[in-house]
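Let's walk through this one together, starting with a helix and then moving on to some ring contacts. Have your viewer ready.

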Amino acid sequence: MINIVIFGPPGAGKGTQSEKLLAQYNLVHISTGDLFRAHIKNATALGVEAKSYMDKGELVPDSVTIGMLKAKVQENPEANGFIFDGFPRTTPQAEALDQLLTSLNTSISACLSLQVPDEELVKRLLERGKTSGRPDDANEEVIKNRLAVYMRETNPLKEYYATQNKLAEIHGVGTIEEIFGRLCEAIDKHA
Ligand code: AMP
């Protein structure tokens, strides 16, 4: 199995690149952000809870997020591998993911970290907000909070994967194809 964590701040291009990677490597794409947005659309209890955090740019609590992620992995027993997009975002999430994969006799192959300067991220997110319909993309204050939460809670996970020799830092500015090429090169090295 190839199991990839696509990592980086909001607006780094994780979703765009995941779509290309899943086709190239025949992987199941799991985006926790997309799963939460589907719950919100369907007005489930989980969606109502998640929305109260998402609209402020805060993280949804680990217990909720980890449970949802586990269920999604378990729905795909025949998968050739997974791309985890927007998960893990905290150390307990990374530990839970490792435990889950170990129980399935597999592990993370690589964590690909997209590097993009903050000014570029804010620009991309505000641009995306014009068409995405996402309330958390439309408000600059919320965007800034998402970036601050990323720096505080999520960025330290690079160290978690670096100590396992699984971290690849990828320059995330350029054309979609250029960045995709860099990601594929890193996967082919690690997987
Ligand atoms: P994203 O689509 O990845 O940008 O996620 C949008 C929002 O969903 C985030 O700002 C969080 O509020 C929530 N979210 C997504 N993934 C997670 C996660 N792994 N842990 C906690 N909250 C998450």
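Which exposed residues does the face of helix 10 turned away from its buried side carry? They are Glu-177, Glu-185, Asp-188 and Lys-189. Keep in mind that this is a predicted model.

Now flip to the other side of helix 10, where Ile-179, Phe-180, Leu-183, Cys-184, Ala-186 and Ile-187 are buried. Look down the axis of helix 10 and its buried residues fall within an arc of 165°, so they line one face of the helix. The general reason for such spacing is simple: an α-helix has 3.6 residues a turn, so residues three or four places apart point the same way. As for partners, the buried residues of helix 10 pack against strand 1 (2-7), helix 1 (14-25), strand 4 (110-115) and strand 5 (167-171). Helix 10 itself runs over residues 176-190, and its 21 Å reach from first C-alpha to last is close to the 21 Å expected.

Phe-180 has a charged visitor, too: the charged end of Lys-20 sits over its ring, 4.8 Å from the centre. Elsewhere, Lys-56 lies over the face of Tyr-53, at 6.0 Å from the ring centre.

On to ring-on-ring contacts, where the count comes to 3 aromatic pairs. One of them joins Phe-7 and Tyr-150, with ring centres 6.0 Å apart and planes at 55°, so this pair is tilted. Phe-7 belongs to strand 1 and Tyr-150 to helix 8 (residues 140-154), so the pair ties together parts that are 143 residues apart in sequence. Both Phe-7 and Tyr-150 are buried. For Tyr-160 and Tyr-161, the centres are 5.1 Å apart and the planes at 80°, so that pair is edge-to-face. Tyr-160 and Tyr-161 are buried as well.

Technical notes
Residues numbered from 1 in each chain as written. Predicted model: local features only at pLDDT ≥ 70, side-chain atom pairs only at ≥ 80, totals over all residues. Heavy atoms only, no water. Helix = DSSP H or I, 4+ residues; strand = E, 2+ residues; numbered from the N terminus. Expected span 1.5 Å × (residues − 1). Buried < 20%, exposed > 50% of the residue type's maximum accessible area, 1.4 Å probe, protein only. Arc of directions from axis to C-beta. Contact = heavy atoms within 4.5 Å. Phe/Tyr/Trp six-rings, centres within 6.5 Å; stacked < 30°, edge-to-face > 60°. Lys NZ or Arg CZ within 6 Å of the ring centre and 35° of its normal.
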